[in-house]
Amino acid sequence: MMGADSIGARVVENIGPHVADFYMGGWGTDAMAWAEDADELLPASEFPRKMSSNLFLADGTVVGRALIQFGDTADGFTANLTVYFPVTCPDEVLDNHLRHYAIEFRNWIVAAAAARA
């Protein structure tokens, strides 16, 4: 679920048995621009369309980053969907977020294909 308030886009997601409540900054490439590894994280040739956002708490503490990249192929598109979590994040959260992303993006792709048909 997503909604906007005075801080930004508030996101509340179920990640397995956990509930994540955080904010996302504006989408663009600015969230990654300051990172030392930005060139590695934003491969221009393979993914010409890319967006990133910091994930932060109400007090402004950054708790993660999202990086979404898309590129066209002869058969459609390819995507690289990445979320950076704190190193102390339990593996259970990482595993459950992979499932969450798979379902979320599959639903969007199926809906887009149906709308195009």
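In the predicted model, tyrosine 101 has a relative accessibility of 13% and therefore counts as buried, since the cut-off for that class is under 20%. Phenylalanine 105, with a relative accessibility of 9%, likewise counts as buried. Both residues belong to helix H3, which covers residues 91-116, and because they are 4 residues apart in that helix, about one helical turn separates them. An α-helix has 3.6 residues a turn, so residues three or four places apart point the same way.

The buried residues of H3 are Val93, Asn96, His97, His100, Tyr101 and Phe105. The elements that cover these buried residues include strand E2 (9-15) and strand E3 (18-24), together with strand E5 (62-73) and strand E6 (76-84). As for the length of the helix, the 26 residues of H3 should span 38 Å at 1.5 Å a residue, and the end C-alpha atoms are indeed 38 Å apart, so the expected and computed spans agree.

Aromatic contacts were examined next. A search of the whole structure finds 4 aromatic pairs. In one of them, formed by tyrosine 101 and phenylalanine 105, the ring centres lie 5.1 Å apart and the planes meet at 75°, an arrangement that is edge-to-face. The angle of 75° is assigned to this class because planes over 60 degrees apart count as edge-to-face. Ring pairs also bring in Trp108, so that Tyr101, Phe105 and Trp108 are linked into a cluster.

A charged side chain is also placed against an aromatic ring, in that arginine 65 lies over the face of tyrosine 84, at 5.8 Å from the ring centre.

Technical notes: Residues numbered from 1 in each chain as written. Predicted model: local features only at pLDDT ≥ 70, side-chain atom pairs only at ≥ 80, totals over all residues. Heavy atoms only, no water. Phe/Tyr/Trp six-rings, centres within 6.5 Å; stacked < 30°, edge-to-face > 60°. Helix = DSSP H or I, 4+ residues; strand = E, 2+ residues; numbered from the N terminus. Buried < 20%, exposed > 50% of the residue type's maximum accessible area, 1.4 Å probe, protein only. Lys NZ or Arg CZ within 6 Å of the ring centre and 35° of its normal. Expected span 1.5 Å × (residues − 1). Contact = heavy atoms within 4.5 Å.
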